[in-house]
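Thanks for coming. I will talk through one protein structure, part by part, and keep it plain.

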Amino acid sequence: MKRLILLTLTLCVSMLSAMATTETIKTTALPETSDVFNQIGEDNLINVTKLIFEPGSTINSYDIMIIRNRMPYLTDLDMGEVSIVANKHEYYAGYHSQNDTLGAYAFYEVPNLENVVLPKSIKYIGSNAFSSNDITYDYDKQSKLKTVRFPDGSIIQGIGSSAFANCRNLQSVN
């Protein structure tokens, strides 16, 4: 019986590993849809574990919404060369993208995200941008964020309250 369980677990892990993908894309923020969605495709979003934006990419609320809600296994996010632009569409209830700002609750309770390279161009990180709910006892919903990196030449001017609240695994911010 133990061997059967072990074999089943091994097969499941192998299948998940085979589906995991790294996507390197150049996006243009679109007014009414997500270019991240268009480039990766609906069927492939769930398999993305690492997302890298090429130089000159722009994203907005639609793209943030897709990243936070449709990529449940995303562990690595490299936005170093991205410009965030304003859009009135909400990526989280009551919040939308603004120019050069990683907005409040942008990656709130995105549990599998471990490593983030922030956009060089952002000036502000909103409140609770990466935080997780402190009262959750569900391990799958706890933040796994370990590293946050500001690229050389970053021009960050402020960080909102509780931007990294309850990120108990956070080891490095540089």
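What follows goes from the whole chain to one helix, then to some tyrosines, a cavity and a few single residues.

First, a caution: this is a predicted model. The protein chain has 174 residues, and 40% of them count as buried. Its secondary structure comes to 3 helices and 13 strands. As for contacts, take those between residues at least 6 apart in sequence: 70% of them join residues at least 24 apart.

Now to helix 3. This helix covers residues 61–70, and 7 of its 10 residues are buried, so the rest of the structure largely encloses it. Which residues of helix 3 are the buried ones? They are Ser-61, Tyr-62, Asp-63, Ile-64, Ile-66, Ile-67 and Arg-68. You will see that the list includes Asp-63 and Arg-68, which are charged residues by class. And what do the buried residues pack against? The partners are helix 2 (35–40) and a set of strands: strand 2 (48–53), strand 3 (58–59), strand 4 (76–78), strand 6 (90–92) and strand 7 (95–96).

Look next at how helix 3 begins. Asn-60 sits in the loop between strand 3 and helix 3. At the start of the helix, a side-chain oxygen of Asn-60 comes to within 3.0 Å of the backbone nitrogen of Tyr-62. Is Asn-60 buried or exposed? Its relative accessibility is 2%, and the cut-off for buried is under 20%, so Asn-60 counts as buried. Setting aside neighbours within four places in sequence, Asn-60 is in contact with Ala-29, Leu-30, Val-85, Asn-87 and Ser-97.

Thr-58, in strand 3, also touches Ala-29. The side chain of Thr-58 reaches the backbone nitrogen of Ala-29 at 2.7 Å. Beyond four places in sequence, the other residues that Thr-58 touches are Thr-27, Thr-28, Asp-63 and Ser-83. Asp-63 is one of the buried residues of helix 3. The C-alpha atoms of Thr-58 and Glu-81 are 8.6 Å apart, while along the chain these two are separated by 23 residues.

On to the aromatic rings. A pair of aromatic rings is described by the distance of the centres and the angle of the planes. The structure holds 7 aromatic pairs. In one of them, Tyr-95 and Tyr-105, the ring centres are 5.1 Å apart and the planes stand at 40°, so the pair is tilted. Tyr-95 belongs to strand 7, and Tyr-105 to the loop between strand 8 (101–102) and strand 9 (115–117), so the pair ties together parts that are 10 residues apart in sequence. Tyr-95 has a relative accessible area of 31% and is partly exposed. Tyr-105, at 19%, counts as buried.

Tyr-105 pairs again, this time with Tyr-108. Their ring centres are 5.1 Å apart and the planes are at 75°, so this pair is edge-to-face. Both Tyr-105 and Tyr-108 are buried. Tyr-92, Tyr-95, Tyr-105 and Tyr-108 form one aromatic cluster.

One more point on Tyr-105 concerns its backbone: phi is near 65°, a positive value in a residue other than glycine. Where else does a positive phi turn up in a residue that is not a glycine? Ser-162 has one, at about 60°. Ser-162 is in the loop between strand 12 (158–159) and strand 13 (172–173), and at 40% relative accessibility it counts as partly exposed.

Back to the loop between strand 8 and strand 9, which also holds Gly-103. Gly-103 is buried, at 12% relative accessibility. Not counting residues up to four places away in sequence, Gly-103 touches Tyr-91, Gly-126 and Ala-129. The C-alpha atoms of Gly-103 and Asn-128 are 8.7 Å apart, with their positions 25 residues apart along the chain.

Last, the empty space. How many cavities of 30 Å³ or more does a search of the whole structure find? The count is 1. The volume of this cavity is about 60 Å³. Its lining consists of Phe-107, Glu-109, Val-110, Leu-113, Phe-130, Ser-131, Ser-132, Ser-143 and Leu-145. By class, that lining has 5 nonpolar, 3 polar and 1 charged residues.

That is the end of the tour.

Conventions. Residues numbered from 1 in each chain as written. Predicted model: local features only at pLDDT ≥ 70, side-chain atom pairs only at ≥ 80, totals over all residues. Heavy atoms only, no water. Buried < 20%, exposed > 50% of the residue type's maximum accessible area, 1.4 Å probe, protein only. Helix = DSSP H or I, 4+ residues; strand = E, 2+ residues; numbered from the N terminus. Contact = heavy atoms within 4.5 Å. Polar contact = N/O pair within 3.5 Å; in protein donor to acceptor, adjacent residues only side chain to side chain. 1 Å grid on protein atoms, 1.4 Å probe; cavity = no way out; pocket = protein on both sides within 12 Å on 5 of 7 lines; lining within 4 Å. Points joined across faces, edges and corners; volume = space filled by probe spheres on them. Phe/Tyr/Trp six-rings, centres within 6.5 Å; stacked < 30°, edge-to-face > 60°.
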